[in-house]
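Colleague: Could we go through how the strands are arranged here?
Modeller: Certainly; here are the sequence and the structure.

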Amino acid sequence: MHLSLVDNGLDGTMPTELGMLSSLDRLELRGNKLSGTIPTEMGDLVGLHYLDLNYNGLDGMMPTELGMLSSLKRLELSANNLSGTIATEI
């Protein structure tokens, strides 16, 4: 399943319920106004191949749970306000 909500002006935090979309293989939320941290529940999307969160206002550290995404081929996080180091799990 592919979910693309690119450039929609979405604001607020990323819902933790996204982690319940177990059949998701591609998630594109680029170019919105999302804020807050990346939910740790994103690590539950084990079938995810592509995650694009570019050009939002996300902050905090990249959750180590993203390292559990063993199928992930491409991770796009540029143009946010993330801090800290990239976890070795990723």
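**Strand pairing**

Modeller: In this predicted model, strand 5 (residues 50-52) pairs with strand 7 in the parallel sense, over 3 bridges.

Colleague: Which residue stands opposite Asp52 in strand 7?
Modeller: Glu76 stands opposite Asp52.

Colleague: And what is the strand order in the open sheet with strands 5 and 7?
Modeller: The order is 1-3-5-7, an open sheet of 4 strands with parallel pairing. Strand 1 (2-4) and strand 7 (74-76) each have a single partner strand, so one side of each lacks a neighbour in the sheet. From one strand to the next, the twist averages 5 degrees.

Colleague: Turning to the even-numbered strands, what is their order?
Modeller: They form an open sheet of 4 strands in the order 2-4-6-8, with parallel pairing. Strand 2 and strand 8 (81-83) are the edge strands, each pairing on one side only. Here the twist averages 20 degrees from one strand to the next.

Colleague: How many bridges join strand 2 to strand 4?
Modeller: There are 3 bridges between strand 2 (residues 11-13) and strand 4 (residues 33-36), which run parallel. Asp11 has Lys33 in strand 4 as its bridge partner.

Colleague: What about strand 4 and strand 6?
Modeller: Strand 4 pairs with strand 6 (residues 57-61) over 2 bridges, in the parallel sense. Leu58 in strand 6 stands opposite Gly36.

Colleague: Lastly, which residue in strand 8 is the bridge partner of Asp59?
Modeller: That partner is Asn81. Strand 6 and strand 8 pair in the parallel sense, over 3 bridges.

How values were computed
Residues are numbered from 1 along each chain as its sequence is written. This is a predicted model: local features need pLDDT of at least 70, side-chain atom pairs count only at pLDDT 80 or more; totals for chains, interfaces and linings use all residues. Side-chain values use heavy atoms; hydrogens and water are left out. Two strands pair if DSSP finds at least two bridges between them. Axes are lines fitted to C-alpha atoms, for helices over the stretch in contact, and angles run from 0 to 180 degrees between N-to-C directions.
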